[in-house]
Amino acid sequence: MDIDLTARPRLADLQRLGGPAEAESGRIESAIESALEAKSKKPRVTPPAVFAGREGYNTAFIGGLSVPPPKPVGRMRADVLPVEHSADSRLDYQHFSVVLSKSRRMAMFVAVNIDGQKSKKLAREHDVWALDGRVPIEAQIGEELYFDNDLDRGHLVRREDPNWGSLDEAEIANQDTFHFTNCLPQMAAFNQRTWLGLEDYILTEARVAKDQISVFTGPVFGGRDPEYRGVRIPLAYWKVIAFVNEQGRPSATAYMIDQKRELKNLEATFGVYKTYQRSIRQIEELTDLDFGELSSFDGFSNEERATRTRVESVLHSLADIRV
């Protein structure tokens, strides 16, 4: 073979080993378009009229047990973002509600009713996230935080949880979960498997009467949360689950997922998250949220009252849960 040492190739002379140039060009253009959308296009906003008729979280959902949402107290009371036409500043969606933090521009907590018997399985298609037009856009965190990094758009109310009732109800609930008001930034190290399986495990293994549970979830706003793109990223999250068992005994359990490391910025290496079962009393202390009488149905909280010691248990697997 004669070698042409005078050849000076340009980009157009090169051949892709992986296939036609058109395919790669399409992917590049798609990535560029996504980048431009995140940076320059107007954000997607759901008009307030779309939410007409949404009743949101139901305190009396579990028959025989009233489970009101937590009440912000102390520093958190003044941090609740007001919502027009809502006396308790709730954003109501299909089968769940959200209360926003003014200072953090994200959910202070979410509350959802889950009916395991009426649950509908809906396929997850293309995720389309939107802002909620019932509150100012500047009071919410949108796509600008998640573009071009390792942050996940983490559902607080899981996509599957409110998808029950008629097929129409379930489809509306499914779409409602894809609002940034129901989204918190999470890193890849987040222990999705244990954390996201808690509700399912409680429903299937705890012999829940009528397969109905109510769940509250939110972040712990810490003083040392790292800041990224003008947003302080929570390093710990909590969850409280309430239900009645088949023997008619009310039960409430609390969980936290916590990194327990000090981080200066998002580029630092995130450690492994651990999931703990803790007392509702501890969640109240950390969040300035009052769960009312719910802690009296929590064995961890009652043990702490009796022994005056702090009680917690690391969950190595979901089988370690105590109810």
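1. Contact here means heavy atoms within 4.5 Å of each other. With that in hand, take Gln-140: leaving aside residues up to four places away in sequence, Gln-140 touches Arg-105, Leu-131, Asp-132, Val-135 and Thr-181. Gln-140 belongs to the loop between β6 and β7. Its relative accessibility is 4%, so Gln-140 counts as buried. Bear in mind, for this and everything below, that the model is predicted.

2. On to the sheet. Eight strands make an open sheet in the order β3-β4-β5-β9-β12-β13-β14-β16, and the pairing is antiparallel. The edges are β3 (91-93) and β16 (312-314); each has a single partner strand, so one side of each is left without a neighbour in the sheet. From one strand to the next, the twist averages 20°.

3. One pairing to look at inside that sheet is β12 with β13. Strand β12 covers residues 236-245 and strand β13 residues 250-258, and the two pair in the antiparallel sense over nine bridges. If you want a register check, Ala-236 has Asp-258 as its bridge partner in β13. Helix α4 (residues 198-205) packs on the sheet, where it touches β5 (107-115), β9 (208-220), β12 and β13. The direction of α4 makes about 160° with that of β9.

4. Now the aromatics. A pair of rings is described by the distance of the centres and the angle of the planes. The count for this model comes to nine aromatic pairs. Phe-51 and Tyr-93 are one of them: the ring centres are 5.4 Å apart and the planes stand at 85°, so the pair is edge-to-face. Phe-51 sits in the loop between β1 (45-46) and β2 (71-72), while Tyr-93 is in strand β3, so the pair ties together parts that are 42 residues apart in sequence. How accessible are the two partners, Phe-51 and Tyr-93? Phe-51 has 5% relative accessibility and therefore counts as buried; Tyr-93 is at 0% and counts as buried too.

5. Tyr-146 and Phe-180 form a stacked pair, with 6.2 Å centre to centre and 20° between the planes. Distant parts of the chain are linked here: Tyr-146 lies in the loop between β6 (131-132) and β7 (152-155), and Phe-180 in the loop between α2 (167-176) and β8 (183-186), 34 residues apart. Both Tyr-146 and Phe-180 are buried. Elsewhere, Tyr-57, Phe-216, Trp-238 and Phe-291 make up one aromatic cluster.

6. Back to Phe-51 and Tyr-93, since an arginine joins them. Which residue lies over the face of Phe-51? That is Arg-134, at 3.8 Å from the ring centre. The charged end of Arg-134 also sits over the ring of Tyr-93, 4.9 Å from the centre of that ring. If you parameterise cation-ring terms, look at both of these placements of Arg-134.

7. Next, charges. Side chains of opposite charge can pair when their charged atoms come close. The whole structure yields 13 salt bridges. Among them is Arg-158 with Glu-199, at 3.8 Å from N to O. Arg-158 is in the loop between β7 and α2 and Glu-199 in helix α4, so to speak two distant parts of the chain, 41 residues apart. Arg-158 and Glu-199 are both buried.

8. Arg-278 and Glu-312 form another salt bridge, the closest N and O atoms being 2.8 Å apart. This pair also links distant parts of the chain: Arg-278 is in strand β14 (residues 274-278) and Glu-312 in strand β16, 34 residues apart. Arg-278 counts as buried at 6% relative accessibility, whereas Glu-312 is partly exposed, with a relative accessible area of 36%.

9. Glu-304 and Arg-281 meet through their side chains in a salt bridge too, at 3.1 Å from N to O. Here the link runs between two helices: Glu-304 is in α6 (residues 299-307) and Arg-281 in α5 (residues 280-287), 23 residues apart. Buried or partly exposed: which is Glu-304, and which is Arg-281? Buried means under 20% relative accessible area, so Glu-304 at 5% counts as buried, while Arg-281 at 26% is partly exposed. Finally, salt bridges that share partners join Arg-158, Asp-161, Glu-199, Asp-200 and Lys-239 into one network.

Note on methods
Residues numbered from 1 in each chain as written. Predicted model: local features only at pLDDT ≥ 70, side-chain atom pairs only at ≥ 80, totals over all residues. Heavy atoms only, no water. Pairing = 2+ DSSP bridges. Helix = DSSP H or I, 4+ residues; strand = E, 2+ residues; numbered from the N terminus. Axes fitted to C-alpha atoms, helices over the stretch in contact; angles between N-to-C directions. Phe/Tyr/Trp six-rings, centres within 6.5 Å; stacked < 30°, edge-to-face > 60°. Buried < 20%, exposed > 50% of the residue type's maximum accessible area, 1.4 Å probe, protein only. Lys NZ or Arg CZ within 6 Å of the ring centre and 35° of its normal. Salt bridge = Lys/Arg side-chain N within 4 Å of Asp/Glu carboxyl O.
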